[in-house]
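Thanks for making time for this one, everyone. I would like to walk through a single chain with its ligand, going from the overall picture to the binding site and then to a few local details.

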Amino acid sequence: MPKAIPEKVTMEKLVSLCKRRGFVFQSSEIYGGLGSCWDYGPLGVELKNNVKAAWWQANVRERDDMVGLDSAILMHPQIWKSSGHVDTFTDPLVDCKSCKQRFRADHLKGSTCPECGGELTEARMFNLMFKTFMGPVEDAAAQVYLRPETAQGIFVNFQNVLTSTRKKPPFGIAQIGKAFRNEITPGNFTFRTREFEQMEIEYFVKPGADGERFEHWVKERFNWYIRLGIKPENLRLRPHEKAELAHYARGCTDIEYLFPIGWSELEGIANRGDFDLTQHAKHSGQNLSYFEEQTKESYIPYVIEPSAGADRATLAFLADAYAEELDEKGDLRVVLHFHPKLAPIKVAVLPLSRKDTLMPLAHDRIYAELRQDFMVQYDDAQSIGKRYRRQDEIGTPFCVTIDFQSLEDNKVTIRDRDSQKQIRVPMSELKKCLGAKVAGEAFDVLPAGGQYCLGFDG
Ligand code: ATP
């Protein structure tokens with residue numbers, strides 16, 4: 001077995017790997033970059049898409065009580081007045097009088113500048129919403145906001161979803177989409193940016209049932225990260241103190257991850273009570289209550305909101321997967337131990353030699369067939385050892401090697417990224433076998449001898 005070098009990954013190592021292998025690039029790099037904006041490269045977009053797909057699968061497709069939504073980023077500006085964002089979506093901003101650096105007052109540990117020890121200005125409240133204009137005239141009447149959260153798009157569609165789907169509480173609406181916040185101190189790579197993606201659920205329940213549903217969602221969301229491979233020791237729950245609750249919240253628990261910068265929020269689960277629907281009903285003049293047939297009673301549902309960041313989750317999966325190990329020969333290998341469901345490339349097809357005799361089988365048949373079902377990379381450059389290292393470093397869970405023997409016995413070799421063990425399988429079973437492995441079913445099961453994966457006879 002490969003030996004792990006017990007060392008925590010640093011943010012510098014992650015940033016460098018992400019750039020080198022095409023996960024994440026600095027935005028606008030050829031123009032010197034744009035602060036706190038990042039672009040996802042060829043592997044990064046696959047990884048983030050897989051994170052979002054896994055979230056959608058668990059929270060929409062596999063649940064009877066959930067439906068999806070994709071609302072517009074630009075919305076009626078009154079929405080942000082009703083929701084409280086225009087008045088209260090603010091952070092306290094302080095400037096250092098000596099070095100001119102800016103800080104969020106609520107993030108400071110003392111009363112002086114953490115950089116130079118200088119005197120700080122009084123805190124000023126700074127609204128985090130980005131403003132823009134609809135149409136050609138840039139006046140106050142045309143001003144709109146880039147949404148700072150996806151949640152409000154769900155609340156204002158509550159009645160539309162109720163009437164079009166025949167859902168009734170308890171049920172929830174899920175949405176994945178961009179959000180924008182003019183953060184005072186963005187940074188730490190993709191951890192805190194001004195443009196980011198959220199994965200949010202608004203779950204509507206009858207008042208009184210909120211406590212139990214809140215607990216349900218905290219557990220559910222915590223376990224989702226574990227099921228996708230996050231090490232349990234790197235994840236913890238942090239219930240909020242009363243004083244730090246947002247203006248709308250009746251309760252909140254953060255799921256925190258041990259990022260390279262220390263324990264920080266990965267996702268927040270809040271009990272928003274009936275605040276949002278009540279506000280929108282009041283300001284829009286629409287009835288946003290639910291009429292319960294059985295009891296002939298109308299009520300405004302309470303809302304439980306599990307709110308996660310797609311970029312932050314992707315960063316957590318990257319950090320957790322990263323390992324530096326010594327292989328059997330004592331050579332260093334960098335590996336991303338992604339869960340196969342999240343890995344950007346599921347299978348690498350590697351002909352042992354570039355000779356023409358292997359091409360029809362390796363490229364035209366196996367690669368062509370596998371790519372119909374999986375994200376596959378074909379690589380025939382350099383030694384097989386170097387190719388394995390390249391795949392390890394981008395987290396490809398399985399490499400399929402085709403050698404000259406394959407031409408005779410119709411078998412190929414599957415190499416497992418984590419154990420580095422190799423097994424030979426008949427080509428006729430390759431797709432099925434990889435399918436089970438990618439789903440995580442036979443991931444750790446590579447028995448010696450006859451059986452080569454769960455459910456199949458050798
Ligand atoms: P903070 O207090 O750190 O500013 P928050 O509590 O305001 O964050 P929420 O409003 O609860 O954050 O947002 C829900 C989730 O969206 C967060 O848990 C995080 O994963 C993600 N998120 C929020 N702000 C950012 C950001 N600036 N960049 C990246 N992801 C973010």
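Of the 458 residues in the chain, buried residues make up 51%, and I should say at once that this is a predicted model. The secondary structure comes to 13 helices and 24 strands, and the C-alpha trace spans about 75 × 65 × 45 Å along its principal axes. If we take the contacts in the chain with a separation of 6 or more, residues 24 or more positions apart account for 64% of them. As for the surface, the chain exposes about 21900 Å², of which carbon and sulfur atoms supply 51%.

Let me turn to the ligand. Which residues are closest to it? The ligand is surrounded by 16 residues, and the closest are Glu 183, Arg 192, Thr 193, Glu 265 and Leu 266. By class, the residues of this shell divide into 4 nonpolar, 5 polar and 7 charged. Three strands, β11 (195–205), β14 (262–273) and β17 (302–309), each supply at least two residues of the shell, and β14 gives the most, with 4 residues.

For those of you who will look at the polar distances, there are three that I would point out. In the side chain of Glu 183, an N or O atom is 2.8 Å from a nitrogen atom of the ligand. In the side chain of Arg 192, an N or O atom is 2.7 Å from an oxygen atom of the ligand. Glu 265, for its part, has a polar side-chain atom that lies 2.6 Å from an oxygen atom of the ligand. The ligand taken alone exposes 610 Å², and the protein buries 83% of that.

Next, a residue that I would like to place with some care, Trp 217, which is found in helix α7, residues 210–227. Is Trp 217 buried or exposed? Trp 217 counts as buried because its relative accessibility is 0%. Leaving aside residues up to four places away in sequence, Trp 217 touches Asn 59, Arg 63, Met 66, Ile 201, Tyr 203, Ile 269, Ile 304 and Pro 306. By contrast with those contacts, Asn 287 is 70 residues from Trp 217 along the chain, and the C-alpha atoms of the two are separated by 27 Å.

One of the partners of Trp 217 is Arg 63, which is found in the loop between α2 (42–61) and β4 (66–69). Although Arg 63 is found in a loop, Arg 63 counts as buried, at 15% relative accessibility. With residues up to four places away in sequence again left out, Arg 63 touches Ala 58, Tyr 203, His 216, Trp 217 and Glu 220.

Now to the backbone, where several residues deserve a separate look. A cis peptide bond, with omega about 0°, joins Pro 169 and Pro 170, and Pro 170 lies in the loop between α6 (158–165) and β10 (171–180). Phe 189 is not a glycine and yet has a positive phi of about 60°; Phe 189 is found in the loop between β10 and β11, and with a relative accessible area of 6% Phe 189 is buried. Gln 420, also a residue other than glycine, has a positive phi near 60°. The loop that holds Gln 420 is the one between β23 (411–416) and β24 (422–426), and at 13% relative accessibility Gln 420 counts as buried.

Helix α11, residues 384–394, has as its buried residues Arg 387, Tyr 388, Gln 391, Asp 392, Glu 393 and Ile 394. After α11 comes Gly 395, with a positive phi near 85°.

Last, the cysteines. How many disulfides does the count come to? The count comes to 0 disulfides, with a disulfide taken as a pair of cysteine sulfur atoms within 2.5 Å. For Cys 37, the closest cysteine sulfur is in Cys 18, and the two sulfurs are 16 Å apart, so they are too far for a bond. Cys 37 counts as buried at 18% relative accessibility, and Cys 433 is buried as well, with a relative accessible area of 0%.

Conventions
Residues numbered from 1 in each chain as written. Predicted model: local features only at pLDDT ≥ 70, side-chain atom pairs only at ≥ 80, totals over all residues. Heavy atoms only, no water. Buried < 20%, exposed > 50% of the residue type's maximum accessible area, 1.4 Å probe, protein only. Near = heavy atom within 4 Å. Polar contact = N/O pair within 3.5 Å; in protein donor to acceptor, adjacent residues only side chain to side chain. Areas by Shrake-Rupley, 256 points an atom, 1.4 Å probe, with all protein chains shown as cover. Nonpolar A, V, L, I, M, F, W, Y, C, P; charged D, E, K, R; others polar. Contact = heavy atoms within 4.5 Å.
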